[in-house]
Amino acid sequence: MKKVLVIDDSALMRRVMSDIIGNTNEYIVAYTAANGVEGLKIIEEKDDIVAIFCDINMPKMSGLELLKTIKSNGIEIPFIIISAQGDAKDTFTALELGAMEFIKKPNRIFVDVEFREKINKALFIASSINDKDGVVDATYKSYRTGKVVKFYDKQETGNKSQSIQPNNERFKDVSKSFNVKTKKLVALVCSTGGPKALQSVIPKLPKNLAAPMLIVQHMPAGFTDTMARRLDEISEISVKEAAQGDVLKNGVVYIAKGGTHLAVREEHGKVSIYFDDTPPIGGLKPCGNIMYSSICNLFCYEEIVCVVLTGMGADGTKGITELSGHKKLYVIAQDEKSSTVYGMPKAIYETGLTDVVCDLDEIAKEIIKKVGVL
């Protein structure tokens, strides 16, 4: 059994977490702590912890202080934040510091299937991070459907794992195929590791970028506004949480509101944002596939730069595939080495639609090259 540490000042929450994790039959809560000081002592003494679930607000030492401490000590155990909606600012700071994921605390923990599902998925992602140097072939059982879900993040060739290489065959010279005078739109999707990844992309974009940019980051309601404000503070380009009716403007980044599907529509030559009330798709709301699908119906944007960053699963692949039948695309995928979880970028690569695979630090440069500035 793989050993997990749970740190929370609520004895009830520790008990509930222990029951949920124990039901996986693969993991066990071997260690618990009521605050960061107790948690740090366990982390320093034990070398068999595969994942840490930690509350943010606790006495003596908060989850944020604990994360800063263990990161400064070079400890790289996957760290998952368990936070209340009021902790949005600290939660985003934790993701910036390297927390793998965060899970919003439910109102009714005994009957919240979604909470159980997210804990299960977080453990699953932690496995892929722990096994980053080898082929991951893990499974978990979905609380929602009861089905066993399978995921891998590398291709296996013989006894070795092989990183996926770029595929630039779809356009022989795509830089010439993109007309600088043509109206363009950038549409990006990301999930696990996304908040930190976005900090390596958005601040590098100029304020006069010659296109609007849409972003779907998988997050629940109450957290994306904080993320948008933080990115806006550290970037030249304007960043905001998307609002119903926003008219797209060049040099503005619109981040999908947590818990709401972002979509776009065109009226009288202007493109505006609207909220699609479709139920969660595969547990995701917002879902990148809905955003990409809605772009199919736009006339004024002739060329679309699609960007897929780190994340578990395959969100974005279906929508981009559909979009490829309607628009000229340039598809950028984050590479395996710089991805926290190489699921979503891998999925789009395997369609053959990807034009370039970039290290995270090169994504912004690639966007600017294809979009241009005003």
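How many helices and strands does the secondary structure of the protein chain come to? The tally is 12 helices and 18 strands, both taken as DSSP runs numbered from the N terminus (H or I over at least four residues for a helix, E over at least two for a strand). This is a predicted model, so local features need pLDDT of at least 70 and side-chain atom pairs count only at pLDDT 80 or more, while totals for chains, interfaces and linings use all residues. Residues are numbered from 1 along each chain as its sequence is written, and side-chain values use heavy atoms, with hydrogens and water left out.

Confidence comes next. For pLDDT, the predictor's confidence in each residue on a scale from 0 to 100, the chain has a mean of 84, and 84% of its residues reach 70 or more. Residues 133–180 sit below 50, and beyond near neighbours in sequence this stretch has 115 contacts in the model, a contact being heavy atoms within 4.5 Å.

On the whole-chain level, 55% of the 374 residues count as buried (under 20% relative accessible area, against over 50% for exposed and in between for partly exposed, with a 1.4 Å probe and protein chains only). The accessible surface adds up to about 16200 Å², and carbon and sulfur atoms own 48% of that; these areas come from the Shrake-Rupley method with a 1.4 Å probe, and for residues only the protein chains shown count as cover. Among contacts with a separation of 6 or more, 72% are between residues 24 or more positions apart.

Now for the charged pairs. Taking a salt bridge as a side-chain nitrogen of Lys or Arg within 4 Å of a carboxyl oxygen of Asp or Glu, the model has 18 salt bridges. One of them joins the side chains of lysine 2 and glutamate 26, at 3.0 Å from N to O. Lysine 2 belongs to strand 1 (residues 2–7) and glutamate 26 to the loop between helix 1 (11–22) and strand 2 (27–33), so this pair ties together parts that are 24 residues apart in sequence. Lysine 2 is partly exposed at 30% relative accessibility, and glutamate 26 is partly exposed with a relative accessible area of 30%.

Another bridge links glutamate 303 with lysine 328, at 3.8 Å from N to O. Here the partners come from strand 16 (residues 303–308) and strand 17 (residues 328–334), so the pair ties together parts that are 25 residues apart in sequence. Glutamate 303 is buried at 4%, whereas lysine 328 is partly exposed at 32%.

Within helix 5 (residues 113–130), lysine 118 and glutamate 114 lie four residues apart, about one turn of the helix. Their side chains meet in a salt bridge at 3.3 Å, N to O. An α-helix has 3.6 residues a turn, so residues three or four places apart point the same way. Lysine 118 is partly exposed at 29%, as is glutamate 114 at 36%. Elsewhere, a network of salt bridges links Asp8, Asp55 and Lys105.

Two helices round off the picture. The 12 residues of helix 1 should span 16 Å at 1.5 Å a residue, and the end C-alpha atoms, 16 Å apart, agree; the expected span is 1.5 Å times one less than the number of residues. Buried residues in helix 1 include Met13, Val16, Met17 and Ile20. In helix 9 (residues 288–295) sits asparagine 289, buried at 16%. Leaving aside residues up to four places away in sequence, asparagine 289 touches Asp315, Gly316, Thr317, Lys318 and Gly319.
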